[in-house]
Amino acid sequence: MSSDRREGQQETTVNGNGAVGSNSQPVAPTTMRATATKNSGQRLRQNPNNEHRPDSYEDLQLDFPNSMYSSLEKYLPPSILVLSREEKVKFMTEIMLRHLPHGERSRAQRHKDYRQKIISNYQPLHRELYTLVPALCFVPTFINAINEGTEESIKSILSQPSTGVFIDNFEHWVGETKFRIMRPNTMNKYGAVLDDFGLDTMLDKLMECFIRPISKVLFNDVGGATLDSHHGFVVEYGKDRDVDLGFHVDDSEVTLNVCLGNQFVGGELFFRGTRCEKHVNTATKSDEIFDYCHVPGQAVLHRGRHRHGARATTAGHRVNMLLWCRSSVFRELKSHQKEFSSWCGECFCEKEEEKGRAIDALRKKLFKVARVTQA
Ligand SMILES: [Zn+2]
């Protein structure tokens, strides 16, 4: 048995992250619209006020995805709606926190304190990274293709380098301050969550303005057009860092994986077919085997459910930035779907086999009818 087949057959892990608000699904406003708020006695509206134009919350450091505040604002009672943006945030945060189970709630509070501590202590080395200036981050051909937004233009940039940012400051800071960093996910012991360092607004913009238009064309079958939250982090591989990464699927609909550098040997990604939850441990087919060598400054975009892993980085030091993009709409729809996922390699084969069997049965039946008529 080749090692490739073993990779396809070994247990596939779902790589999740422990951060509040990114591991759990965003709470849809509809689930809490009729709820009374304990302290103020204010109730959310039964139905959204669609005429109301919500405030923008993008520039704030919030406990929940910024877009949730804008969505929830349409449900605010008139007396709250006239308050300042900060007061509305307070009101909405209280509501959202109350809808989390108790354990989650204290975890959310701890995570809030943790973020606050970082923001007030950490001195960014590259302030310009905190606002996404396309002209500084992307090559012109990439920006033009996104602006054009057609399938043809998107596909024309697929093999082109996209971003070239460098983040080299924070491990040094971690070492100096002896700060205990929450690591980005269940599988990496090094690296950090970029959102915790105040980069969530920038990453939201990266997802909304760049990843979503591409995913709409390439990954529409897994909610590519409706990506609405993210988990952004960096991982480090090499000596004194993580060495490799086991076979897994991401807790995302679409994953952006950018190689930031530097000099390294090894660390190839291996991909082994996209699978739904039911089929995640089924064997790899030969046409699903795909290995990819990282190139600093280049990015890979793939479905989160595309099974993959990273081989050992045998020399040097490799840093990658990951952006897990999620769609609450897709997750909601998926929870109601009982059978066949169009994007799962195994579901697709089962469906084809079923079709084959049906055609076969029909052929036999017709043959029988023909013989009876002849006789
Ligand atoms: Zn399947």
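## Exercises: one helix, one strand, two cores

Helix α5 (residues 102–121) has 20 residues, which at 1.5 Å a residue should span 28 Å, and its end C-alpha atoms are 29 Å apart, in agreement with that. The expected span here is 1.5 Å times one less than the number of residues. Helices (H or I, at least four residues) and strands (E, at least two) are DSSP runs, numbered from the N terminus.

A quick word on the setup: this is a predicted model, where local features need pLDDT of at least 70 and side-chain atom pairs count only at pLDDT 80 or more, while totals for chains, interfaces and linings use all residues. Residues are numbered from 1 along each chain as its sequence is written.

**Exercise 1.** Work out which residues of α5 are buried, and what covers them.

*Solution.*
- Step one: set the cut-offs. Buried takes 20 or more other C-beta atoms within 10 Å of a residue's own, exposed 12 or fewer, and partly exposed is in between, with C-beta atoms placed from the backbone.
- Step two: apply them to α5. Its buried residues are Ala-108, Arg-115 and Ile-118.
- Step three: look down the axis. These three cover an arc of only 90 degrees (from the directions from the helix axis to the C-beta atoms), so they sit on the same side of α5.
- Step four: flip to the face turned away. Exposed residues there include His-102, Arg-110, Asp-113 and Lys-117.
- Step five: find the cover. It includes α4 (85–98).

**Exercise 2.** Find the strands that β11 pairs with, and give a bridge partner for each.

*Solution.*
- Step one: strands pair if DSSP finds at least two bridges between them.
- Step two: β3 and β11 run antiparallel, joined by ten bridges; Ser-229 is partnered with Arg-326 in β11.
- Step three: β5 is also antiparallel to β11, with seven bridges, and Asn-257 partners Leu-322.
- Step four: β6 (residues 264–266) adds three antiparallel bridges to β11, with Phe-264 opposite Gly-316 as its bridge partner.
- Step five: check burial. Ten of the 14 residues of β11 are buried.

**Exercise 3.** Pick out the best-connected members of the largest nonpolar core.

*Solution.*
- Step one: such a core is a set of buried Ala, Val, Leu, Ile, Met, Phe, Trp, Tyr and Cys residues joined through C-beta atoms within 7 Å.
- Step two: among its 37 residues, Leu-194, Ile-211, Leu-323 and Cys-325 touch the most other members.
- Step three: elements supplying at least two residues each include α10 (200–218) and β11 (313–326).
- Step four: a second, separate core has 13 residues, Met-68 and Phe-91 among them.

How values were computed
Two residues are in contact if their C-beta atoms, placed from the backbone, lie within 7 Å.
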